[in-house]
Amino acid sequence: AVVFAENDPMAAGAAQAIEEAGLAGKILVLGFNGDGVALESIKDGIMHGTIAQDPYGMGALGVELANTLLTGGTLEYGNEETREIYADVYLIDENGERR
(Lines give C-alpha, C1' and ligand atoms only; values in the text may rest on other atoms or scores of the structure.)
Protein backbone atom coordinates (compact mmCIF):
# COMPACT_ATOMS: atom_id res chain seq x y z
CA ALA A 1 0.00 0.00 0.00
CA VAL A 2 1.09 3.53 -0.74
CA VAL A 3 0.28 6.95 0.64
CA PHE A 4 0.80 9.73 -1.91
CA ALA A 5 0.06 12.98 -0.11
CA GLU A 6 -0.93 16.28 -1.67
CA ASN A 7 2.02 17.98 0.01
CA ASP A 8 5.05 17.10 2.10
CA PRO A 9 3.75 18.13 5.54
CA MET A 10 0.75 15.82 4.99
CA ALA A 11 3.08 13.02 3.92
CA ALA A 12 5.31 13.54 6.96
CA GLY A 13 2.23 13.37 9.21
CA ALA A 14 1.05 10.20 7.50
CA ALA A 15 4.51 8.67 7.83
CA GLN A 16 4.59 9.50 11.53
CA ALA A 17 1.15 7.93 12.04
CA ILE A 18 2.23 4.84 10.09
CA GLU A 19 5.36 4.56 12.23
CA GLU A 20 3.36 4.96 15.47
CA ALA A 21 0.97 2.24 14.28
CA GLY A 22 3.91 -0.13 13.87
CA LEU A 23 3.53 -0.30 10.11
CA ALA A 24 6.76 1.41 9.09
CA GLY A 25 8.32 -0.29 6.10
CA LYS A 26 5.01 -1.86 5.09
CA ILE A 27 3.49 1.27 3.56
CA LEU A 28 5.33 3.44 1.03
CA VAL A 29 4.99 7.19 1.72
CA LEU A 30 5.51 9.84 -0.98
CA GLY A 31 4.94 13.57 -0.73
CA PHE A 32 4.86 16.48 -3.11
CA ASN A 33 6.88 19.73 -3.19
CA GLY A 34 10.40 18.80 -2.10
CA ASP A 35 10.01 20.66 1.22
CA GLY A 36 12.62 20.51 3.96
CA VAL A 37 10.35 18.36 6.14
CA ALA A 38 10.28 15.76 3.38
CA LEU A 39 14.02 15.84 2.81
CA GLU A 40 14.61 15.27 6.54
CA SER A 41 11.98 12.53 6.68
CA ILE A 42 13.54 10.82 3.67
CA LYS A 43 16.99 11.07 5.26
CA ASP A 44 15.57 9.58 8.47
CA GLY A 45 13.98 6.71 6.54
CA ILE A 46 10.42 7.72 7.47
CA MET A 47 9.34 8.80 3.98
CA HIS A 48 10.35 7.13 0.74
CA GLY A 49 10.35 10.09 -1.63
CA THR A 50 8.88 13.39 -2.70
CA ILE A 51 8.04 14.94 -6.03
CA ALA A 52 9.88 18.25 -6.28
CA GLN A 53 8.90 21.20 -8.38
CA ASP A 54 11.25 23.82 -9.83
CA PRO A 55 9.82 27.21 -8.77
CA TYR A 56 12.54 29.16 -10.59
CA GLY A 57 11.98 27.19 -13.78
CA MET A 58 8.20 27.57 -13.45
CA GLY A 59 8.58 31.33 -13.03
CA ALA A 60 10.86 31.54 -16.06
CA LEU A 61 8.36 29.50 -18.07
CA GLY A 62 5.57 31.88 -17.03
CA VAL A 63 7.58 34.90 -18.18
CA GLU A 64 8.43 33.15 -21.46
CA LEU A 65 4.77 32.31 -22.08
CA ALA A 66 3.64 35.86 -21.28
CA ASN A 67 6.28 37.23 -23.65
CA THR A 68 5.11 34.85 -26.38
CA LEU A 69 1.55 36.13 -26.04
CA LEU A 70 2.56 39.79 -25.78
CA THR A 71 4.63 39.56 -28.95
CA GLY A 72 1.82 37.94 -30.93
CA GLY A 73 2.99 34.35 -30.71
CA THR A 74 0.89 31.32 -30.01
CA LEU A 75 1.30 28.92 -27.14
CA GLU A 76 2.02 25.23 -27.53
CA TYR A 77 0.07 23.17 -25.02
CA GLY A 78 1.06 19.88 -23.48
CA ASN A 79 -2.63 19.05 -23.61
CA GLU A 80 -4.42 21.03 -26.31
CA GLU A 81 -7.90 19.99 -25.20
CA THR A 82 -7.49 21.30 -21.64
CA ARG A 83 -5.03 24.05 -22.64
CA GLU A 84 -2.47 22.81 -20.12
CA ILE A 85 1.22 23.65 -20.28
CA TYR A 86 3.41 21.32 -18.28
CA ALA A 87 6.43 22.15 -16.16
CA ASP A 88 8.98 19.49 -15.27
CA VAL A 89 9.02 17.90 -11.84
CA TYR A 90 11.40 15.29 -10.49
CA LEU A 91 11.52 12.59 -7.85
CA ILE A 92 13.75 12.80 -4.80
CA ASP A 93 14.08 9.16 -3.78
CA GLU A 94 14.82 7.36 -0.52
CA ASN A 95 18.54 7.98 -1.09
CA GLY A 96 18.01 11.73 -1.39
CA GLU A 97 18.85 11.50 -5.08
CA ARG A 98 17.11 13.58 -7.73
CA ARG A 99 15.72 11.42 -10.55
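**A walk from helix H3 to the nonpolar core**

Helix H3 covers residues 55–70, which makes 16 residues. At 1.5 Å a residue, these should span 22 Å, and the C-alpha atoms at the two ends are 22 Å apart, so expectation and model agree. The model here is a predicted one. After H3 comes Gly72. The phi of Gly72 is positive, near 85°.

Next, turn to a helix pair. Two packed helices are described by the angle between their axes and the distance between the axes. Helix H1 runs over residues 8–20, and helix H2 over residues 36–43. Their axes come within 8 Å and cross at roughly 35°. The crossing of H1 and H2 is left-handed.

Which residues of H1 and H2 meet? From H1 come Asp8, Pro9 and Ala12. From H2 come Val37, Ala38 and Ser41. By type, the residues of this contact are four nonpolar, one polar and one charged.

Now the interior. In soluble globular proteins, nonpolar side chains tend to be buried together. In this model, the largest nonpolar core has 13 residues. Ala11, Val29, Met47 and Ile92 have the most contacts inside this core. H1, H2 and strand E4 (89–92) each give two or more residues to the core. H1 supplies the largest share, four residues.

Val29 is a good place to look at contacts one by one. Leave aside its neighbours within four places in sequence. Val29 is then in contact with Val3, Ala11, Ala15 and Ile18. Val29 also contacts Met47, His48 and Gly49. Two of these partners, Ala11 and Met47, are listed with Val29 among the core residues with the most contacts.

Technical notes:
Residues numbered from 1 in each chain as written. Predicted model: local features only at pLDDT ≥ 70, side-chain atom pairs only at ≥ 80, totals over all residues. Heavy atoms only, no water. Axes fitted to C-alpha atoms, helices over the stretch in contact; angles between N-to-C directions. Left-handed = near helix turned anticlockwise from the far one by under 90°. Contact = heavy atoms within 4.5 Å. Nonpolar A, V, L, I, M, F, W, Y, C, P; charged D, E, K, R; others polar. Core = buried A, V, L, I, M, F, W, Y, C linked by side-chain atoms within 4.5 Å. Buried < 20%, exposed > 50% of the residue type's maximum accessible area, 1.4 Å probe, protein only. Expected span 1.5 Å × (residues − 1).
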